[in-house]
Amino acid sequence: MTASYVAYGLRLAANLPLPGLYQDPDSGVFDVRIRLKDWAMFASTSPESMDIFYTSPHVTTQGRPNLRTGLLLNGEYFGLFYGDGTRFAVDRRGGEVWADWPENYTLEDACTYLLGPVMGFVLRLQGITCLHASAVAVGDYAIALAGAPGAGKSTTAAAFARSGFPLLTEDVVALVEGAESFLVQPGYPRVNLWPDSVRVLFGSEEGLPRITPTWEKRYMALGNDGLAFASKAMPLGAIYILSGREEGLTDPVVEEMAGSDAFVTLAANTYVNYLLDREMRRREFDVLGRLTMEVPIRRLRIQSKPSAIFDLCEAIAADAKQVMLPVAAAATSGQS
């Protein structure tokens, strides 16, 4: 039995239900076919048999690299082998994915990889540039929230959702160049949060269910309880780079970024950029160059008090409405 979905602008067909995604009417035409718990084709493969081109510098408690990526079966497929035993194979065009995982793991465990870095790599193989960011709707435009790991991208996006702003995507912002603007593709209707973020937003880490019984991370479902999911692509109006929290700040500080500073910062905040080959990297740089010229990019200096997260959302939304006015005017002028 095949289940059909749409995520990141791609039509997916999977042999098992994918948790957290809305099912889509089966059109019979798919961009990506996913075969879960199906490893027969790659039964003779292992990390040791691959032509490895990436090894994570981080290791598991058993001393294994968190991720090893290389070429399988004479270079026809990419293999992604995680340190916990979860493994994926992806064909070179990003149209087919195979997945397998240890017996003590669940489908939900595997999907934390599938719907994040694996789909990010699939998007890259299909020529789509992705930011490591979350995106929310402010008016008729999307704003992207980027930053280093731990900067608060997902937490800020969840706070926006709790403040009544529809959320497009969390962690992976897939960008497609339209005739007049870059379009942000909707991801899927969940925000994944660590327990400390759940405590800030809900008062207790028990305020949200766990993604899987084996992991502390929680998820916030969108589409009900006043938490809106924007299911249609939206033009990108601005990008906000979340910097580290600063002692002594009483209010967020928003600073304009431009030129090489903006370009280098965006390049450091693209998704799965550690897996890009030379051609993919060249294509990414071309896109980022246009992005820095067409979309306002802003740096956010944030007060250290975590409970000020909703004030931060208010400040971002107010700033976005101002800086997106020229973007909207340019788009309107281009249509006249």
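Trainee: Is Asp100 buried or exposed, and what is its relative accessible area?

Mentor: Good place to start, and keep in mind that this is a predicted model. Asp100 is found in strand S8, residues 96-100. Buried means under 20% relative accessible area. Asp100 therefore counts as buried, with a relative accessible area of 11%.

Trainee: Which side chains join that of Asp100 in polar contacts?

Mentor: There is one with Lys37, at 3.1 Å. Another, at 2.7 Å, links the side chain of Asp100 to that of Arg87. The partners you are after are Lys37 and Arg87.

Trainee: Which residues is Asp100 in contact with, leaving aside its neighbours within four places in sequence?

Mentor: Both polar partners, Lys37 and Arg87, turn up again in this list. With the sequence neighbours set aside, the contacts of Asp100 are Lys37, Trp39, Gly85, Thr86 and Arg87.

Trainee: Let's move to helix H1. Why is H1 described as largely enclosed by the rest of the structure?

Mentor: Helix H1 covers residues 107-125. The description rests on a count of buried residues in H1, so the number to remember is 17 of the 19.

Trainee: Where is the kink in H1 centred?

Mentor: The helix bends by about 35°. If you are scanning residues 107-125 on screen, look for the centre of that kink at Met119.

Trainee: Which residue with a positive phi follows H1?

Mentor: Look just past the helix for a phi near 85°. That residue also appears in the lining of the largest cavity. The residue following H1 is Gly127.

Trainee: How many cavities of 30 Å³ or more are there, and what is the volume of the largest?

Mentor: A search of the whole structure finds one. Its lining is made up of Arg124, Gly127, Ile128, Thr129, Leu276, Met280, Arg283 and Glu284. By class, three of these are nonpolar, two polar and three charged. So the count is one, and the volume is about 40 Å³.

Trainee: Which helix gives the largest share of that cavity's lining?

Mentor: The share in question is three residues. They come from the helix spanning residues 278-294, which is H5.

Trainee: Which residues are closest to the centre of the second largest pocket?

Mentor: This pocket holds about 220 Å³ of space. Of the 15 residues that line the pocket, ten are nonpolar, four polar and one charged. Closest to the centre are Val6, Ala7, Tyr22, Phe229 and Ser231.

Definitions and conventions: Residues numbered from 1 in each chain as written. Predicted model: local features only at pLDDT ≥ 70, side-chain atom pairs only at ≥ 80, totals over all residues. Heavy atoms only, no water. Bend = angle between axes of the 7 residues up to and from the residue. Helix = DSSP H or I, 4+ residues; strand = E, 2+ residues; numbered from the N terminus. Buried < 20%, exposed > 50% of the residue type's maximum accessible area, 1.4 Å probe, protein only. Polar contact = N/O pair within 3.5 Å; in protein donor to acceptor, adjacent residues only side chain to side chain. Contact = heavy atoms within 4.5 Å. 1 Å grid on protein atoms, 1.4 Å probe; cavity = no way out; pocket = protein on both sides within 12 Å on 5 of 7 lines; lining within 4 Å. Points joined across faces, edges and corners; volume = space filled by probe spheres on them. Nonpolar A, V, L, I, M, F, W, Y, C, P; charged D, E, K, R; others polar.
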